[in-house]
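User: I would like to go through this model and ask, for each label, what value stands behind it and what cut-off it is set against.

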Amino acid sequence: MISEAPPFWWRKADWRAWILAPLSFLYGRVAGYRMAHARRASVSIPVICVGNFTVGGAGKTPTALTIARAAKAKGLKPGFLSRGYGGSLDVTTVVDPHHHRAVAVGDEPLLLAQEALTVISRRRIEGARRLVAEGADLIIMDDGFQSARLAIDYALLVIDATRGLGNGHIVPAGPVRAPIRQQLRSATALLKVGGGHAADRIVRMAARAAKPYFTASLKVRGDDRLAGVRVLAFAGIADPAKFFRTVESRGAEITVAKTFGDHEHLTEEEIGDILTTAERQDLLIVTTSKDFVRLSGHHGKSEALAQKCRVIEVDMVFDDHLAPGLIIDRAIVACRERRLREMKAKK
């Protein structure tokens, strides 16, 4: 399954957005109503949801990983809950990074499972209950803010400072998933990623709604400088341009750049083309962690490409290093308050 946002979503609204506006109005009414009136099931442990306002990547997975590391530093056992987007399994499953492949469980769950207990489930509440049964004492939900039927104790919405809300329209006219004001009402806090200004308007709206916001940036792990190195860079993520900028920030010269659909599994022909092009032009092959895990566990050309790839790994680094711990603490408090309300309601 491939998710690829139309390029016009990320530019100033044009005739395409306005033609689709009536459909967006209907979609927004339905999405907003569901968010406001959904009956959410409850579990006994805190639930942190890392979501975003729009379709496409904003840095949710690196953010979830950073929060999990902070939880482990506090002596907690975090568990990731993912829908398993891009994978074929439709049953609730504990992800084994040494056994499962991305084609079955999705690329993001495989990355998450390398850090902590991870469960995929099409039904979030079933996945959450499985995490509780597996001994987790904190759930970090990767995405699902708009659609989950699970009670959330802390909803952190991640927004990219370069892309912002795109053209500002709701699907299908733009990338926004539900009416912004409804999303803000349901959010606990915002996380602005990067140094651009495209997110400034939504940050001001959040401030007027008394919602706190944090700032962070994606940092390349280690000191993997590529000064003067000619590379072939490929990426099948929601925002490949962000990855290419990261590669160039390490001093590399991108001679060939190849983009694929978000979560796309490469064909033998596509892999062969990458290998042949890199060999013919004497280029180093670089890619993302998500693209790399989609190659892992396979044989033939996939294995050959995985062996030749240099993975550019990034971490989400909060400007305030105490922020992830603060988010966890507030989620724990909110969970206690939720559980007390539930107990009183039963009496």
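The conversation below takes up ring pairs, burial, a cavity and some backbone angles.

User: What should be known about the model before the labels are discussed?

Analyst: This is a predicted model, in which local features need pLDDT of at least 70 and side-chain atom pairs count only at pLDDT 80 or more, while totals for chains, interfaces and linings use all residues. Residues are numbered from 1 along each chain as its sequence is written, and side-chain values use heavy atoms, with hydrogens and water left out.

User: How many aromatic pairs are there, and why is the pair of Phe-214 and Phe-318 called edge-to-face?

Analyst: The structure holds three aromatic pairs. Rings of Phe, Tyr and Trp (its six-membered ring) pair if their centres lie within 6.5 Å, and planes under 30 degrees apart count as stacked, over 60 as edge-to-face and the rest as tilted. The ring centres of Phe-214 and Phe-318 are 6.3 Å apart and their planes stand at 70°, so this pair is edge-to-face. Because Phe-214 lies in strand β8 and Phe-318 in strand β13, the pair ties together parts that are 104 residues apart in sequence; helices (H or I, at least four residues) and strands (E, at least two) are DSSP runs, numbered from the N terminus. Phe-214 and Phe-318 are both buried, a term that means under 20% relative accessible area, against over 50% for exposed and in between for partly exposed (1.4 Å probe, protein chains only).

User: What makes the pair of Phe-243 and Phe-244 tilted, and how do you know whether these two residues are buried or exposed?

Analyst: Phe-243 and Phe-244 are 5.9 Å apart centre to centre with 55° between the planes, and the pair is tilted. Phe-243 has 6% relative accessibility and therefore counts as buried, and Phe-244, at 12%, counts as buried too. Both are among the buried residues of helix α9 (residues 240-249), which also include Pro-240, Lys-242, Thr-246 and Val-247. The buried residues of α9 pack against β6, β8, β9, β10, β11 and β13. Just after α9, Gly-251 takes a positive phi of about 95°.

User: What makes a space in this model a cavity, and which residues line the largest one?

Analyst: On a 1 Å grid over the protein atoms alone, a cavity is a set of points where a 1.4 Å probe fits but cannot get out, and lining residues have an atom within 4 Å of a point. The structure holds one cavity of 30 Å³ or more, and the largest cavity has a volume of about 60 Å³, the volume being the space filled by probe spheres set on the points, with grid points joined across faces, edges and corners. Its lining includes Trp-10, Asn-52, Phe-53, Val-158, Ile-159, Asp-160 and Arg-163. Strand β6 (residues 154-160) gives the most to this lining, with three residues.

User: What is said of Arg-163 and Trp-10?

Analyst: Arg-163 lies over the face of Trp-10, at 3.8 Å from the ring centre, where the definition asks for NZ of Lys or CZ of Arg within 6 Å of the ring centre and within 35 degrees of the ring normal.

User: Why is Asp-143 called buried, and why is Asp-282 called exposed?

Analyst: Asp-143 has 18% relative accessibility and so counts as buried, whereas Asp-282, at 65%, counts as exposed. Asp-143 is placed in the loop between β5 (138-142) and β6, and Asp-282 in the loop between α10 (268-281) and β11. Neither is a glycine, yet Asp-143 has a positive phi of about 75° and Asp-282 one of about 55°.

User: Why is Gly-135 called partly exposed?

Analyst: Gly-135 has a relative accessible area of 37%, and therefore it is partly exposed. Gly-135 is in the loop between α6 (124-133) and β5.

User: How do you know that Ile-48 is buried, and which residues does Ile-48 contact?

Analyst: Ile-48 has 0% relative accessibility, so it counts as buried, and its place is in strand β1 (residues 47-52). Leaving aside neighbours within four places in sequence, Ile-48 is in contact (heavy atoms within 4.5 Å) with residues including Ile-67, Leu-138, Ile-140, Tyr-154 and Ile-328. Ile-48 and Ile-140 are 92 residues apart in sequence and 4.9 Å apart in space, C-alpha to C-alpha.

Notes
1 Å grid on protein atoms, 1.4 Å probe; cavity = no way out; pocket = protein on both sides within 12 Å on 5 of 7 lines; lining within 4 Å.
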